[in-house]
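User: Please take a close look at one part of this protein, the stretch around a few loops with unusual backbone features, and set it against the whole chain. I would like one connected account.

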Amino acid sequence: MSTATGQRTFDSLDPATGTVVGTHPIHDAAAVRATVAEAGRAARWWGGLGWAERRRRLLDYKAVVTRDLARIAETVHRETGKPEADAVLEVILTVVHLDWAARNARRVLGPRRVFPGLVGANLAATLEYQPLGVVGVIGPWNYPVFTPMGSIAYALAAGNAVVFKPSELTPGTGALLAELFAESVPEQPVFRTVTGLGETGAALAGDPGVQKIAFTGSTATAKRVMTACAANLTPLVAECGGKDALIVDADADVRAAADAALWGAMSNAGQTCAGVERVYVVDAVYDAFMRELTGRAAAIRAGEDYGPITMPAQLDVIRRHIDDAVARGRAVVGGPESVRAPYVDPVIVEDVPEDSPAVREETFGPTVTVKRVADAEEALERANATAYGLAGTVFSGDARRAVELARRMRSGMTAINSVISFASVPALPFGGLGDSGFGRIHGADGLREFARPKAIARQRFALPGMNLTSFDRGQKELDQLVKIVTFLHGRRKR
């Protein structure tokens with residue numbers, strides 16, 4: 001579609017009805033380049049404001065977002081189809097993270113003295129973290145506020161300007177976030193949004209004026225973004241998919257575990273990268289757990305308790321996984337008939353082989369596989385047998401054992417006796433390993449992700465006869481240094 005001026009546009013649609021929610025420009029490479037150039041100039045101004053002024057403006061932005069919470073949630077609801085209550089929760093979590101980033105940036109990134117060691121006793125050593133410049137953020141559609149703001153808020157707090165390319169399914173949400181920021185920071189285009197399709201994201205990733213890209217999306221798309229970044233050696237933080245597991249130990253609270261498994265698997269129509277797609281239950285409580293899980297699932301309705309599948313193409317993946325799982329396992333709730341586009345009713349399948357696509361690949365729908373295991377060790381072994389490594393959950397009545405299982409789970413985050421709770425703690429880093437990506441957002445690690453460390457060593461006084469970095473250095477100075485190092489470090493520990 002094009003406007004009268006020749007500007008290409010595209011529509012965002014309500015996935016439940018197919019009606020047009022909004023029309024947005026397709027920013028081409030030239031438009032992206034111009035936006036990044038403007039952001040570069042704004043970054044110098046924003047970085048020069050200092051910690052206190054940035055903190056004040058970000059806290060004001062937080063207040064604006066809170067004031068317009070209902071408006072943002074309504075936009076999210078219309079573009080994703082998720083219930084407004086879930087959209088409200090998403091915005092509330094965003095506000096909490098924005099507040100933490102603004103209040104903690106100076107503490108985490110500001111200058112601090114570092115002990116120089118005895119060999120460098122005449123030095124004053126300092127470390128600080130400086131802004132990168134322009135950070136490009138390529139966001140997802142499933143949580144179009146919370147997820148990208150996990151990069152945007154922390155990048156802004158670190159002193160960077162941001163150019164945000166939202167998903168083509170949720171461009172209105174992205175445009176609104178930047179519009180509200182301009183109310184708090186009207187002086188310079190510190191936070192801008194570019195809209196479009198894949199070509200727009202590729203242009204942003206490949207722009208030499210961008211100092212870092214934060215990407216959230218599929219593993220396959222992350223690899224294409226990495227290719228675009230490679231041309232300029234642009235670093236990337238990538239948060240990709242997951243195939244997260246929930247372990248139910250023999251002494252777990254079965255009711256609480258079933259409630260968490262159902263929410264983790266079905267909320268947001270299962271379109272949660274850190275949700276629950278696999279459940280491993282110790283034999284001793286398996287039957288009780290399944291009674292509780294299936295009983296609760298019987299009361300859940302697509303279109304009421306959660307929304308439609310936002311991306312139509314995902315229905316084919318969901319249908320393929322369900323068909324294979326039912327053919328090779330046993331459906332206890334739902335089945336192939338549960339797919340009724342654009343909705344998918346809850347599907348629970350047990351005894352699905354571990355090589356099934358429903359166990360190995362990300363489904364991203366309201367489905368879950370459940371497997372009986374002999375003990376928690378077998379559950380952990382199966383949970384870790386995946387290329388993904390984003391998140392996971394452990395339910396156990398033994399706190400020490402639960403923590404041990406959580407530590408050994410191959411994931412960036414693990415929740416104990418709760419589900420996805422780590423996302424609500426701003427101080428905890430969020431990210432994965434393996435096919436789930438690399439780098440971290442949120443917390444101190446998230447702030448440092450969008451800054452460069454700057455090390456400074458200042459000589460306070462000269463050490464007599466110990467100028468080691470000079471061609472005037474003699475053997476005597478070197479011998480003295482060897483004696484010192486031998487005294488400090490030469491004794492073996494028994």
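Analyst: A residue counts as buried under 20% relative accessible area, as exposed over 50%, and as partly exposed in between, with a 1.4 Å probe and protein chains only. The model is a predicted one, in which local features need pLDDT of at least 70 and side-chain atom pairs count only at pLDDT 80 or more, while totals for chains, interfaces and linings use all residues. Residues are numbered from 1 along each chain as its sequence is written, and side-chain values use heavy atoms, with hydrogens and water left out.

Phe364 is a convenient place to start. This residue is buried, at a relative accessible area of 10%. Its position is in the loop between helix H12 (357–360) and strand E16 (367–373); helices (H or I, at least four residues) and strands (E, at least two) are DSSP runs, numbered from the N terminus. The phi angle of Phe364 is near 60°, a positive value in a residue other than glycine.

Gln314 touches this loop residue from elsewhere in the chain. With neighbours within four places in sequence left aside, Gln314 is in contact with Ile309, Glu362, Thr363 and Phe364, where contact means heavy atoms within 4.5 Å. Gln314 belongs to helix H11, which covers residues 314–328. Like Phe364, Gln314 is buried, and its relative accessible area is 12%.

Helix H11 (residues 314–328) also leads to the next loop. Pro336 sits between strand E12 (330–333) and E13, in the loop there. Not counting residues up to four places away in sequence, Pro336 touches Ile322, Asp323 and Val326. Between Pro336 and Ile318, which are 18 residues apart along the chain, the C-alpha separation is 9.5 Å. Pro336 is partly exposed, with 39% relative accessibility.

A further proline follows strand E13 (339–340): Pro342 lies in the loop between that strand and strand E14 (343–344). The peptide bond joining Ala341 and Pro342 is cis, with omega about 5°.

Asn417 offers a second case of positive phi. Its phi is near 55°, again in a residue other than glycine. The residue is found in the loop between strand E18 (413–416) and strand E19 (437–438). Asn417 is partly exposed, with a relative accessible area of 41%, whereas Phe364 is buried.

Now the wider setting. The UniProt record, an unreviewed entry, places the feature "domain: Aldehyde dehydrogenase" at residues 6–456; UniProt positions are given in the numbering used here, feature names are shortened, and annotations may be inferred rather than shown by experiment. That span is 43% helix and 20% strand, and its end C-alpha atoms lie 52 Å apart.

The protein has 16 helices and 20 strands. Its radius of gyration is 26 Å, close to the 23 Å that the globule rule gives for 494 residues, so the protein is as compact as a globular protein of that length. The radius is taken over C-alpha atoms, and the rule is 2.2 Å times the number of residues to the power 0.38. Along the principal axes, the C-alpha trace spans about 85 × 75 × 40 Å. Of the 494 residues, 53% count as buried. Among contacts between residues at least 6 apart in sequence, 71% join residues at least 24 apart.
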